Amino acid sequence: MKKWMGDNKWFGGLVISCLTAVVIVLIPRPTFEKRLLNSGKKSLEIHDLNEAVGDFIRVVKYAPESKEALEAARTGADAALLELKDYNAAIFFFRHIVRQSQRPSEVRWAQQSLAETYYEKLSNYPQAIMEYQRLLQGTLQPKEYSDYRLKVARSYFYMGNFDQAILEANDFLTKKPGDKATFDMMMLKANSLMAQKNQDEALN
C-alpha cells in the first residue's frame with residue numbers, strides 16, 4: 001500500500017511538472033519590442049518623458065516593421081512634440097508613420113506634421129519646402145492647397161531666394177485668381193521685389 005502511494009505521489013508530481021511545462025510553452029513570453037513599448041508607457045505614466053521617448057525610439061529602431069513600432073511612433077510623436085519639445089525625435093516618429101502606416105489619413109497627418117515641424121519649429125526652410133511639395137502632390141482641399149503654396153513661397157523668401165519666391169507667387173496668382181490667399185501672395189511678391197531691389201543696391 002505504501003509503495004503504491006509512493007509511486008502515485010511520484011507519478012502525480014511528474015504530471016504536475018509536465019503540465020507546468022506545457023503552460024509555459026503555451027504562454028509566449030513578450031517580445032523585446034513589446035517589453036520596450038510597455039516600459040515606455042510606464043515611463044510616460046510617471047511623466048518621465050526622456051525615458052519614455054528613448055524607449056519608443058528603441059522600439060522603432062529594433063523592430064521597424066512591427067505593430068509595436070507603429071504604436072510607439074504614434075505615442076512618442078505626441079510626447080516628443082507637445083511635451084518634451086524634442087522636435088528631432090518628433091520628426092523621427094512622424095517619418096516612421098509616413099513609411100509604415102496603412103491608414104491614408106494618418107499618413108497625411110504625419111506628413112503635414114513633418115512639414116509644420118520643419119517650417120514652424122526648426123525654421124529648416126529647404127526641408128520644409130520638400131515636405132510641403134510632397135503634400136501638394138496629393139488630393140487637397142482648396143484651403144490646404146493655398147496654405148501649402150503660401151508656405152513654400154514664404155520659405156523661399158526667408159531663405160533669401162527672392163527670385164523663386166516671386167515665381168511661386170506669380171504661379172499661384174495665375175492659377176488661383178481671387179483665392180483667399182491672393183492678398184498674402186501679393187504682399188509676399190511685393191516684399192520680395194523690395195528685398196530684391198535692396199539686395200541689388202547693396203551689391204552695387
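This passage covers model confidence and the packing of three helices.

The structure is a predicted model, in which local features need pLDDT of at least 70 and side-chain atom pairs count only at pLDDT 80 or more, while totals for chains, interfaces and linings use all residues. Residues are numbered from 1 along each chain as its sequence is written, and side-chain values use heavy atoms, with hydrogens and water left out.

Mean pLDDT (the predictor's confidence in each residue, from 0 to 100) comes to 87 for the chain, and 83% of the residues score at least 70. Among the elements (DSSP runs numbered from the N terminus: helices are H or I, at least four residues; strands are E, at least two), helix α1 (residues 2-26) sits at the bottom with a mean of 47, and helix α7 (residues 125-136) at the top with 98. Over residues 1-5 pLDDT stays under 50, with zero contacts (heavy atoms within 4.5 Å) beyond four places in sequence; the stretch 19-26 also stays under 50 and has zero such contacts. Where pLDDT is low, the predicted coordinates should not be read in detail.

Helix α8 (residues 142-158) packs against helix α9 (residues 162-175) at about 160°, axes 7 Å apart (lines fitted to C-alpha atoms over the stretch in contact; angles run from 0 to 180 degrees between N-to-C directions). The two are therefore roughly antiparallel (an angle over 145 degrees). Residues meeting here include Y145, R149 and F157 in α8 and F162, E168 and K175 in α9.

α7 and α8 also pack at about 160°, with axes 9 Å apart, which makes α7 roughly antiparallel to α8. Among the residues in this contact are I129, Y132 and L136 of α7, together with Y145, R149 and V152 of α8.

Conventions
Angles under 35 degrees count as roughly parallel, over 145 as roughly antiparallel, 65 to 115 as roughly perpendicular and the rest as oblique.
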